[in-house]
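Me: Let's talk through this one together, a few questions at a time. Here it is.

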Amino acid sequence: MSEHERPDRQPGDSPPAGEVVAELDELCVWFPTPAGVVRAVDGVSLRVRRGETLGLVGESGSGKSTTGLALLRLVDPTSGTVRVAGQEVTGWSRRRLRALRRRVAMVFQDPQASLDPRLTVGSSIAEPLIVHRLTGGTAARRRRVEELLDMVGLRRDLADRHPHELSGGQRQRVGIARALAGEPDLIVLDEPIASLDLSVQAQIMNLLRGLQRDLRLTYVFIAHDLAAVEHMSDRMAVMYLGRIVESGTPAQVWRQPAHPYTAALLSAIPVADPQVERQRRRIILSGDIPSPVDPPTGCRFRTRCPQARPECAATDPVLAEVAAGHRAACLFAGDAVRAMRAS
């Protein structure tokens with residue numbers, strides 16, 4: 001079996017139809033700055049069901065990481081609602097949010113920055129056990145830490161090491177073990193492989209898939225790497241300038257993109273075959289991502305879209321179904337992509 005095979009599910013299989021673990025409804029997260037209000041997330045709605053992986057993908061500044069932080073209530077919503085396990089947690093106090101931290105955990109991009117250098121690996125993993133009072137005493141905590149190290153493929157003696165004594169891949173496994181300590185309903189994985197070597201990236205993705213299969217975990221997998229999101233996810237959502245512009249199964253989004261932005265992201269992924277790579281047509285976007293302080297009127301992507309039309313400046317498109325379970329926020333969904341590829 002190759003390192004990229006998925007023995008439990010393949011991309012494009014029907015996602016599990018479990019209960020809704022977390023839900024965002026018209027979420028907005030705006031930040032005031034001297035230059036104006038940054039609309040980091042601007043009207044995002046999504047659901048995450050038990051046992052599935054929802055992938056969030058987009059360029060830097062698209063709002064995907066802020067969306068993940070909002071699920072944990074690590075940032076305060078400006079408007080909209082956040083629900084976890086059926087409970088609306090939007091207005092919860094800091095005291096009530098402490099209980100939420102056990103149900104929703106996070107694995108960060110930079111494992112070295114997310115681990116306290118003064119603490120041993122064992123102490124870092126044990127923190128959630130202490131905070132949420134999940135074990136009886138020191139011996140019980142030590143046994144649980146050793147179990148968690150086993151689960152993420154690390155030797156037990158590493159519990160007495162400090163983060164700087166570990167490799168980047170080992171530190172990320174420690175971060176995953178710490179996230180698992182509270183037995184959460186949902187784990188938000190924010191660029192968990194971005195800082196790792198390619199070979200280690202594959203190992204971490206396989207570890208995450210195996211843990212999900214064995215423990216029936218639920219993930220939100222955030223990345224700018226469309227190929228990684230396609231590989232990991234049961235459903236995926238593409239974000240641009242604070243909004244979801246396309247969503248569906250990996251097979252739908254990867255093979256039949258309906259939004260021009262998704263098609264442009266896909267065209268930027270290198271092909272392993274040199275001959276195919278030389279012959280294929282790239283979609284080159286003009287300009288930079290507009291400022292979230294002053295997004296374009298109408299369609300936010302129109303200033304970079306090769307197929308933009310006058311209607312795009314006047315009408316703000318909503319996510320609409322283009323096929324069963326496949327939605328895109330484009331007035332000319334599908335047609336614009338075909339025209340881009342033919343030009």
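Me: Which residue is the bridge partner of Ala237 in S10?

Reply: Bear in mind that this is a predicted model. S9 (235-240) and S10 pair antiparallel over 5 bridges. In S10, the residue bridged to Ala237 is Ser247.

Me: Which residue in the turn of the S9 and S10 hairpin has a positive phi?

Reply: The hairpin leaves 2 residues between its strands. Helix H10 (residues 260-267) lies across S9 and S10, at about 100° to S9. Back in the turn, the residue with a positive phi, about 50°, is Leu241.

Me: How many of the 6 residues of S10 are buried?

Reply: Buried here means under 20% relative accessible area. S10 is largely enclosed by the rest of the structure, because the number of its 6 residues that are buried is 5.

Me: What stands opposite Glu246 in S12?

Reply: S10 also pairs with strand S12 (residues 326-328). That pairing is antiparallel and has 2 bridges. Opposite Glu246 in S12 stands Ala328.

Me: Which strands stand at the edges of the open sheet of 8 strands?

Reply: The order is S6-S7-S8-S3-S9-S10-S12-S11, with mixed pairing. An edge strand has a single partner strand, so one side of it is left without a neighbour in the sheet. From one strand to the next the twist averages 25°. The edges are S6 (104-107) and S11 (320-323).

Me: What stands opposite Met106 in S7?

Reply: S6 and S7 (residues 186-190) pair in the parallel sense, over 4 bridges. Opposite Met106 in S7 is Val188.

Me: What angle does the direction of helix H7 make with that of S8?

Reply: H7 (residues 198-215) packs on the sheet. The strands touched by H7 are S3 (53-57), S7 and S8 (219-223). Its direction makes an angle with that of S8 of about 165°.

Me: How many residues does H7 give to the largest nonpolar core?

Reply: That core has 56 residues, and those with the most contacts inside it include Ile125, Ile187 and Phe221. Val152 is on that list too; leaving out residues up to four places away in sequence, Val152 touches Arg173, Ile176, Ala177, Leu180, Leu207 and Leu211. The largest share of the core comes from H7, with a count of 6 residues.

Me: How many residues are in the second, separate core?

Reply: Among its members are Leu56, Ala70, Val89 and Ala237. Ala237 is also the residue bridged to Ser247 in S10. The size of this second core is 30 residues.

Me: Which strands are at the edges of the open sheet of 4 strands?

Reply: This sheet runs in the order S2-S1-S4-S5, with antiparallel pairing. Helix H1 (residues 64-71) lies across S1, S2 and S4, at about 120° to S1. The strands that pair on one side only are S2 (36-49) and S5.

Me: Which residue in S4 is the bridge partner of Leu24?

Reply: S1 (residues 20-33) and S4 (residues 79-84) run antiparallel, joined by 5 bridges. Within that pairing, Glu23 stands opposite Arg83. For Leu24, the bridge partner in S4 is Val82.

Me: And in S5, what is the bridge partner of Arg83?

Reply: S4 and S5 (residues 87-88) pair antiparallel over 2 bridges. Their hairpin has 2 residues between the strands, and Ala85 takes a positive phi near 50° there. The partner of Arg83 in S5 is Glu88.

Me: Why is Cys299 too far from the closest cysteine sulfur for a bond?

Reply: A disulfide needs the two sulfur atoms within 2.5 Å, and a search of the whole structure finds 0 disulfides. Cys305 is in none either, with the sulfur of Cys312 6.4 Å away. For Cys299 the closest cysteine sulfur is in Cys312, and the bond is ruled out because the distance is 5.8 Å.

Me: Is Cys299 buried or exposed?

Reply: The cut-off for buried is under 20% relative accessible area. Cys305 counts as buried at 15%. Cys299 has 11%, so the label is buried.

Me: Which residues carry the UniProt feature "domain: ABC transporter"?

Reply: The annotation comes from an unreviewed UniProt entry. The span is 40% helix and 26% strand, and its end C-alpha atoms lie 27 Å apart. UniProt places the feature at residues 24-266.

Methods:
Residues are numbered from 1 along each chain as its sequence is written. This is a predicted model: local features need pLDDT of at least 70, side-chain atom pairs count only at pLDDT 80 or more; totals for chains, interfaces and linings use all residues. Side-chain values use heavy atoms; hydrogens and water are left out. Two strands pair if DSSP finds at least two bridges between them. Buried means under 20% relative accessible area, exposed over 50%, partly exposed in between (1.4 Å probe, protein chains only). Axes are lines fitted to C-alpha atoms, for helices over the stretch in contact, and angles run from 0 to 180 degrees between N-to-C directions. Contact means heavy atoms within 4.5 Å. UniProt positions are given in the numbering used here, feature names are shortened, and annotations may be inferred rather than shown by experiment. A nonpolar core is a set of buried Ala, Val, Leu, Ile, Met, Phe, Trp, Tyr and Cys residues joined through side-chain atoms within 4.5 Å.
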